[in-house]
Amino acid sequence: MIAQLFIEQGLNGLQLGVTLFLMAAGLTLVFGIMDVIHLSHGSFYMIGAYLTATLGARFDSYLLGLALAIPLVALIGMVVEWIAIRRLYERDHLDQVLATFGLIMFFNEAIGMIWGAQPIFLSPPESLAGTVELVPGLFYPQFRLAILGTGLTVAAGLGLMIRHTRLGMRLRAGASDRAMAGALGVNIDGLFTMVFGLGAGLAALAGGMAGTVLSVQVGMGESILILTFVVVVIGGIGSIKGALVGAILVGLVDTLARTMLPVALRATMAASQADSVAASLSSTSVYVLMILVLAWRPKGLYGART
Amino acid sequence: MRIVSSTLILAGFLAASAPAWAAPGEVKVGMLTTLSGPGSSLGIDVRDAFNLAVKNLGGGLGGLKATVIEIDDQQKPDVAKDAATRLIEKEKVDFATGIIFSNLMLAVQPSFDRAQTHYISANASPSQLAGKQCTPYFFSAAYQNDNQHEAMGHYVQAKGFKNVYLMAPNYPAGKDGLNGFKRYYAGAVAGEVYTTVNQLDYAAELASLRAANPDAVYVFYPGGMGVNFVKQWEQAGLKGKIPLFGPGFTFSEDTLSAMGDAALGTLNTAQWSPDLDNPENKKFVAAFEAAYGRLPSVYASQAYDAAMLIDSAIRKVGGKLDDKAALGKALMAADFKSVRGNFKFNKNHFPIQDFFLREVIKDGKGRYLNKKIAPIFQDRGDAYVGECSM
Amino acid sequence: MAHAPDFRRWLALALLLILAVAVPPVLAALGQGFYIGFAARVLIMALAALSLDLVMGLGGMISFGHAAFLGLGAYVVGIGSWHVFDGAPLPFGLAGSENALIVWPLAMLVAGLAALGIGAISLRTTGVHFIMITLAFAQMLFFLAGGLKTYGGDDGITLYNRSQLAGLKLSDPTTFYYLCLGLLVTVLAVLLRLSSSRFGMVLRGVRDNERRMRALGFPTYRYKLAAFVLSGMICGLAGALLANASEFASPAIMSWQRSGELLVMVVLGGMGSLIGPVLGAVALMVLEESLADLTQHWQVILGPLLVLLALSARRGLWGWIKGRDGAP
């Protein structure tokens, strides 16, 4: 029983991890290549979830809804880059924080005006609604396995693209030395717009999938945004590999702390007190992890630049 | 000159809005409730039912023209605290109502006490305010937090379950709830888990639950928390394997349609059901459905009664809202016909009423709703009234 | 030319002070007594923004976690009051207190110590990493405060009484307002003085070129840490006042959005001028309040305004009022 529980919680942690990775992959590229602190990355996650819900209901197919939401959000991302973010490349970090903080406000309120302040409950497709018996006695929801599989597939795809394609080569060049890449004839403006769109699309995928596990609501982007930044900083800014390792690490630490701490604390205090202290300590665990990693490696696990 | 112009702009902002007293012959009610986020289905029902009552009473309460000032507390104690101050000091309301969540209630009640403003609760009714912290200015038109859980504890005990797993959000009403359940359930507790308020993913908790192997599960999850829990319960393949019970809050008309078939057949307990057979309730359910195109929930029934209670009290004092002592007495009399049928106040200003067992069904029109199965308690007060010195 | 900007500056300051003093009687005359409490809160946030400007404007350290110090100050007041109400003793033989002369300095001390710890670690990093690590520390404190079950956990502490200060009736909004004004003006005067002192010069030097300052033999780390601690203490005082103003202390005070708001205030008012952030706090809060009166969806207007602000206004409101050629 203990072994099954451990595997199941491990899978839950991995599932949070891949969601974080999809968010962090885009953010770390934007951060690393364009040198922009982009706080409103969580907004694309939220918009992705809303569009998946609405389009999914419209066409009576969750998967079609998700498939349409991703390119749409990527497009929205490129428009946002073209209107606002582009003007922030040469500015200092403070201006970027401020402007993207304003964007969060705008997107949250605009979404609230369109869809209302009540959450939308999104159901996974019927075909994935059942459970799978992974090992005897361990039943795991199919849909959560699908999230895990999708996340890992995208991670592998991104890794291949970055290592083996021309676009990937340009991305690597841009991340390590922007000016040099420009001088060598890489179309920096176009590259940036594309990276931004790619990041937004990945965030939409994360949001559309997470919407079924959580609920689709205004402000859902912020709760994951801060964790995503922790992942990016732990992994090292600009590193996709770092984002993957950081995301899995954060996902596992968060989930394991959340399940182990209450058990440990219950030995010494009442249930509600123990759960409260455990919730608070487990929420801090990822920040402790980040501070430890930075103390050990100031640029993150795979970071090349500050 | 810029200095002068900026001064003028500032002065203009400050003078922008006019002072807000209720004119004579008017009554102002502060509707401070949760209108956004996972808890909003409850607040929206409370607001809509209260407004429906005012409309049915001809746009007034107790013969006075009524203005209802609506503020969204976002289910955050700090926002609620600020909003209460605003309702008291800026809007100068005569009554306040609407708070859904007990943690917010406990944060704001001192403000209403100090201002001597009567607060008529349409939902949150924590044990603290029923017992040691009872106050002349708080009346609950709903229940005492423990009540629905006590009723289910009684039922689960009677059915002979021996090892029940308990779950609730970690806030005052969550603790009240599980205490209430355990007051009547005497068997073993397989686990007692308090999750963070508005947590929406229960995968980790469900895994631990399954490992504990209980013979029944009791969950208190209002609003969006309930929707997610019940759906994930089904997705994890637990539905039909372990019996699931809850208070009426978990299986309430505001969220039943979002839960869909996952909730069908579950038993729960409440002081009201849409099919209660009395003329007030029939009128209320029909009017609510006509006005809003959906069935009312237990929260809506409480808010409707809260408005009717205020109406009756204003009538009793002849519209004289300044005599707070007389108004308090008039409220205490509870001289109105409740949609629940049986309703009177205990000395701590909490109700004495009946509780029923209900079952979630799907009717011929495809609507998900509760059906009354059996009575559980009659004239049930609460466990804390002895601690109240009023 | 040398005297004109200086004259404008002093004239503007004098006018602002007169305006600030006139706020309570004017509001009372307009029958808007409620807004006196609001105005006091504006002054408190101004004090917090001022403290942030000390590290950000003068020292070039972009702290994205200053709300943590605000929250610590508020919690010291809240916990002190809770123990008075409950009667339970605190550790180390301390008892609860509502005496402002005890709890307010204690709030500054606690916030200062936290700033010492956070600063000592965070200041080893620079740039983006500094922003992120201050954010991480603030988030940690935010969640830890939520775990203080005795003190309400996520729901925070409701204060039954405001702090007591030598016969002053702080529950009276006007008295409380003038007290906040007095403290704000005092801190502002001290910081303006400090800013033109050797300490302020070194700090600005570090902001502009840390390597050169280090090469000149200044212990730049220590200067930055000292500024960070002082800033934390002032922000802690603001937190103590904030708990009194809202008669409430909860983790929400430490949320990262609150830290973001403080950043906005500083930049809106004009970074590095110390007076600017005060104006920025006033402008942002009055703007929020009037937009909220106008429409429930005020953030859809404020958001784009912030984007425009970030893209255009380099010198903030104070730069604009002072005129184009004024030195900071």
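In this predicted model, chain B and chain A touch through a contact that takes 27 residues from chain B and 28 residues from chain A. On the side of chain B that touches chain A, the elements that give two or more residues are helix 2 (40-56), strand 8 (188-195), helix 8 (203-212) and helix 9 (223-235) of chain B. Helix 8 of chain B provides the largest share of that side, with five residues. Sorted by class, the side of chain B that touches chain A has 13 nonpolar, 11 polar and three charged residues.

Chain A also meets chain C, and here 37 residues of chain A are in contact with 36 residues of chain C. The elements of chain A that give two or more residues to this side are helix 4 (93-115), helix 9 (220-235) and helix 11 (271-296), and helix 4 of chain A gives the most, with 15 residues. By class, the side of chain A that touches chain C has 25 nonpolar, nine polar and three charged residues.

From the contacts we can turn to the chains themselves, beginning with chain B, which has 13 helices and 14 strands. Its C-alpha atoms fill a box of roughly 70 × 55 × 45 Å along the principal axes, and the radius of gyration of chain B, 22 Å, agrees with the value near 21 Å that a compact globule of 390 residues would have. Of these 390 residues, 59% count as buried, and among the contacts in chain B between residues at least 6 apart in sequence, 72% join residues at least 24 apart.

Within chain B, six strands form an open sheet with mixed pairing, in the order 2-3-1-4-5-6. Strand 2 (60-61) and strand 6 (138-140) of chain B stand at the edges of this sheet, and because each has a single partner strand, one side of each is left without a neighbour in the sheet. At one of these edges, strand 2 of chain B runs antiparallel to strand 3 (residues 64-72) of chain B, to which two bridges join it; Gly60(B) has Lys65(B) in strand 3 of chain B as its bridge partner.

Chain C has 13 helices and two strands. The radius of gyration of chain C is 20 Å, close to the 20 Å that the globule rule gives for 328 residues, so chain C is as compact as a globular protein of that length. Along the principal axes, the C-alpha trace of chain C spans about 60 × 50 × 40 Å. In chain C, 55% of the 328 residues count as buried, and 78% of the contacts between residues at least 6 apart in sequence join residues at least 24 apart.

One helix pair in chain C can be followed in more detail. Two packed helices are described by the angle between their axes and the distance between the axes. Helix 2 (residues 34-58) of chain C and helix 9 (residues 220-246) of chain C pack at an angle of about 170°, with their axes 9 Å apart. Angles over 145 degrees count as roughly antiparallel, and helix 2 and helix 9 of chain C are therefore roughly antiparallel to each other. The residues that meet include Ile44(C), Leu47(C) and Leu54(C) from helix 2 of chain C, and Phe228(C), Ile234(C) and Leu241(C) from helix 9 of chain C. The residues of this contact between helix 2 and helix 9 of chain C divide into 19 nonpolar, three polar and one charged, with Arg41(C) in helix 2 of chain C among the participants.

How values were computed:
Residues are numbered from 1 along each chain as its sequence is written. Chains are lettered from A and ligands numbered from 1 in the order in which they are written. This is a predicted model: local features need pLDDT of at least 70, side-chain atom pairs count only at pLDDT 80 or more; totals for chains, interfaces and linings use all residues. Axes are lines fitted to C-alpha atoms, for helices over the stretch in contact, and angles run from 0 to 180 degrees between N-to-C directions. Helices (H or I, at least four residues) and strands (E, at least two) are DSSP runs, numbered from the N terminus. Angles under 35 degrees count as roughly parallel, over 145 as roughly antiparallel, 65 to 115 as roughly perpendicular and the rest as oblique. Two residues are in contact if their C-beta atoms, placed from the backbone, lie within 7 Å. Ala, Val, Leu, Ile, Met, Phe, Trp, Tyr, Cys and Pro count as nonpolar, Asp, Glu, Lys and Arg as charged, and the others, Gly among them, as polar. The radius of gyration is taken over C-alpha atoms; the globule rule is 2.2 Å times the number of residues to the power 0.38. A residue is buried if 20 or more other C-beta atoms lie within 10 Å of its own, exposed if 12 or fewer, and partly exposed in between; C-beta atoms are placed from the backbone. Two strands pair if DSSP finds at least two bridges between them.
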